[in-house]
There are 2 protein chains.
Amino acid sequence: MSAVGVAPPTRDAVVALARRTQDTVCAALERLENGAASFRSVAWTRPGGGGESRFLRDGDVFESAGVNVSVVHGLMPPGMAALATEGRVDVGTRGLRFWASGVSVVIHPRNPMAPTAHANYRYFELLRAGRSEPAAWWFGGGSDLTPSYLFVVDATHFHSVHKTACDRHDLGYYPRFKRACDDYFLLPHRNERRGVGGIFFDRLSGDDPAGLLGFVTNSANAFAEAYLPIVERRKDLPFGVHERAWQLLRRGRYVEFNLMHDRGTQFGLQTGGRAESILMSLPVSAGWRYEDEPPPGTEEAKLVHVLRNPREWL
Amino acid sequence: MSAVGVAPPTRDAVVALARRTQDTVCAALERLENGAASFRSVAWTRPGGGGESRFLRDGDVFESAGVNVSVVHGLMPPGMAALATEGRVDVGTRGLRFWASGVSVVIHPRNPMAPTAHANYRYFELLRAGRSEPAAWWFGGGSDLTPSYLFVVDATHFHSVHKTACDRHDLGYYPRFKRACDDYFLLPHRNERRGVGGIFFDRLSGDDPAGLLGFVTNSANAFAEAYLPIVERRKDLPFGVHERAWQLLRRGRYVEFNLMHDRGTQFGLQTGGRAESILMSLPVSAGWRYEDEPPPGTEEAKLVHVLRNPREWL
């Protein structure tokens with residue numbers, strides 16, 4: 001949590017970062033589509049803020065991609081506020097006001113050899129009634145990769161680019177945020193991570209807000225470099241109905257995680273967020289199969305092994 | 001909750017009801033498949049019980065159907081036990097032991113004109129350490145219908161059969177359990193019920209356990225009569241890609257409800273249940289579409305209107 005008297009990063013800078021990231025990611029995906037599909041934008045408002053959702057579907061490369069910016073405020077109930085501040089801030093009996101802005105990205109390519117990816121960068125303030133200086137502020141975010149088929153070189157590349165962004169700020173960030181990512185994206189009832197991880201950070205605060213904003217900016221900039229080369233080298237690989245069916249099962253797991261465990265989804269829906277924008281993360285199509293354990297020795301089993309036993313990629 | 005000194009329904013009778021219902025429903029569905037598909041059975045055990053899962057997939061009529069019997073026991077944490085007994089029973093600091101048995105049925109037909117259906121009948125006991133007489137016992141269950149296209153005659157038939165089963169025991173049951181069903185199967189973030197309802201009851205206890213067992217037995221017996229005639233008259237109706245796509249979206253909503261709100265799913269997964277059996281309720285295929293509100297005046301809009309405005313069917 002923030003130290004008393006430290007000025008928080010300006011809200012304007014955070015909103016600008018979210019919008020810039022939205023522009024950059026959307027433009028990069030459209031370049032890959034080469035005219036076959038483009039983003040449609042919807043500006044939305046709710047009592048307490050608004051945002052801009054951009055969605056692309058039925059592309060040659062991407063089955064769907066959602067890139068959403070939001071700038072929202074409202075009342076955070078005492079229980080949720082106590083949880084968010086880990087008990088370090090007096091949240092009173094009525095909870096605290098919050099102000100939050102962020103960008104979230106979920107991309108589902110068509111080819112089962114091209115992984116799904118997610119990125120999210122956000123900034124939060126909790127405020128007491130009548131006070132403009134936040135009682136607490138923090139950054140959260142990260143990015144993770146969800147392949148249906150394991151290519152070690154892809155996972156290594158994705159992690160490597162994010163590590164470089166982390167290392168510019170703190171050599172301790174990458175190992176810490178890599179582990180946090182493996183811990184966070186866990187489906188306990190499946191004993192599986194949702195993918196090969198990446199970085200995940202939350203409640204990042206302290207006495208150097210400008211430095212933290214710089215770190216989050218560099219992380220957000222790293223996403224396109226980490227992800228798009230992977231899509232480029234996998235998007236035209238041959239595949240058949242077997243690989244497509246497996247991809248749909250993996251997307252089913254993605255749905256399970258997002259609906260059951262994802263904090264952003266739960267926070268958004270519980271605080272009256274726009275359901276359509278929040279659930280943009282869900283794939284156009286997903287599947288389930290009873291007893292879907294792949295036979296040992298297959299490519300599918302190789303992926304599941306890594307999901308059950310997170311690996312150091314670097 | 002049970003009155004002190006009233007003997008609870010015997011566990012044997014409850015398990016027998018669950019097994020009989022499993023046999024009856026599976027046989028009826030296989031008759032409709034006429035040799036095209038049959039149930040595969042898996043007996044499973046876990047520390048604290050076991051059960052038998054039966055699953056049918058890729059039939060001519062049914063894309064998937066799961067019928068699961070479980071007989072389980074374990075420790076219910078204090079929070080969950082307090083919730084389950086609505087604070088009326090001292091749950092101590094370590095929670096209470098539970099014993100539970102039930103049958104659950106989820107059926108996803110192939111034809112979008114044929115509705116999905118769910119039924120569940122269960123019996124619970126909470127027990128204090130060293131005591132064999134339960135501190136609380138109750139029945140729960142019900143059945144509900146989830147069409148992709150609205151046929152008023154189907155909804156009326158489904159409700160009517162269940163009302164008849166209710167009326168044999170208590171004229172107050174149907175109106176109460178019909179309303180409880182509309183309340184329970186609500187997706188708040190969509191402001192939609194998951195279907196046209198049915199009956200839903202929980203924590204049904206009292207001083208006439210044999211009578212309640214009779215009611216639950218009659219409800220369970222009503223399910224096949226309520227549901228199968230609907231499938232028979234819809235399973236061969238013509239449909240195209242448009243209707244199929246809409247069915248997948250409705251199944252996406254089914255997934256949202258089951259993963260986010262269904263108490264049985266959450267109880268099962270949180271108490272270490274067999275994930276594959278619990279998630280048998282999820283469809284083989286489902287979909288999501290950003291901004292999926294159907295145009296006014298369409299058959300799809302007619303359904304959504306009813307999901308937002310529950311109706312009296314009788």
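## Two residues with positive phi

B:Asp58 sits in a loop of chain B, between strand 2 (49–57) and strand 3 (62–76). The model is a predicted one. In it, B:Asp58 has a positive phi near 60 degrees, and the residue is not a glycine. Is B:Asp58 buried, partly exposed or exposed? Its relative accessibility is 45%, so B:Asp58 counts as partly exposed. The buried class would need a value under 20%, and the exposed class a value over 50%.

Chain A supplies another case. A:Asn191, also not a glycine, has a positive phi of about 50 degrees. Its place is the loop that links strand 7 (186–187) to strand 8 (192–193) of chain A. A:Asn191 is partly exposed because its relative accessibility is 44%.

## A buried arginine in chain A

A:Arg253 belongs to helix 6 of chain A, which covers residues 241–260. Why is A:Arg253 classed as buried? Its relative accessibility is 6%, and the buried class takes values under 20%.

Which residues does A:Arg253 contact, once neighbours within four places in sequence are set aside? They are A:Leu187, A:Arg190, A:Glu192 and A:Asp292. A:Leu187 falls in strand 7 (186–187) and A:Glu192 in strand 8 (192–193). These are the strands on either side of the A:Asn191 loop.

## Chain A as a whole

Chain A has nine helices and ten strands. Its radius of gyration is 19 Å, close to the 20 Å from the globule rule for 314 residues, so chain A is as compact as a globular protein of that length. The C-alpha trace spans about 60 × 40 × 40 Å along its principal axes.

Of the 314 residues in chain A, 60% are buried. How are the contacts spread along the sequence? Take contacts in chain A between residues at least 6 apart: 71% of them join residues at least 24 apart.

## Nonpolar cores

The largest nonpolar core holds 65 residues. Five residues have the most contacts inside it: A:Phe62, A:Phe139, A:Phe201, A:Phe223 and A:Tyr227. Which element gives this core its largest share? That is helix 5 of chain A (residues 209–234), with 13 residues. A separate second core has 63 residues, among them B:Val69, B:Phe158, B:Phe223 and B:Val231.

A:Phe62 can be followed further. Leaving out residues up to four places away in sequence, its contacts include the nonpolar side chains of A:Leu29, A:Leu32, A:Leu56, A:Ile107, A:Tyr227 and A:Val231. A:Phe62 also touches A:Glu33, A:Arg57, A:His108, A:Pro109 and A:Arg110. One of its partners, A:Tyr227, is itself listed with the residues that have the most contacts in the core.

## Cavities

How many cavities of 30 Å³ or more does the model contain? The count is twelve. The largest has about 120 Å³ of space. Its lining has 14 residues, and those nearest the centre are A:Trp288, A:Arg289, A:Tyr290, B:Leu279 and B:Met280. Both chains therefore contribute to this lining. By class, the lining has eight nonpolar, no polar and six charged residues.

The second largest cavity has about 100 Å³ of space. It too is lined by 14 residues. Closest to its centre are A:Leu279, A:Met280, B:Trp288, B:Arg289 and B:Tyr290. Its lining divides into eight nonpolar, no polar and six charged residues.

Technical notes:
Residues numbered from 1 in each chain as written. Chains lettered and ligands numbered in written order. Predicted model: local features only at pLDDT ≥ 70, side-chain atom pairs only at ≥ 80, totals over all residues. Heavy atoms only, no water. Core = buried A, V, L, I, M, F, W, Y, C linked by side-chain atoms within 4.5 Å. Buried < 20%, exposed > 50% of the residue type's maximum accessible area, 1.4 Å probe, protein only. Helix = DSSP H or I, 4+ residues; strand = E, 2+ residues; numbered from the N terminus. Contact = heavy atoms within 4.5 Å. 1 Å grid on protein atoms, 1.4 Å probe; cavity = no way out; pocket = protein on both sides within 12 Å on 5 of 7 lines; lining within 4 Å. Points joined across faces, edges and corners; volume = space filled by probe spheres on them. Nonpolar A, V, L, I, M, F, W, Y, C, P; charged D, E, K, R; others polar. Rg over C-alpha atoms; globule rule 2.2 N^0.38 Å.
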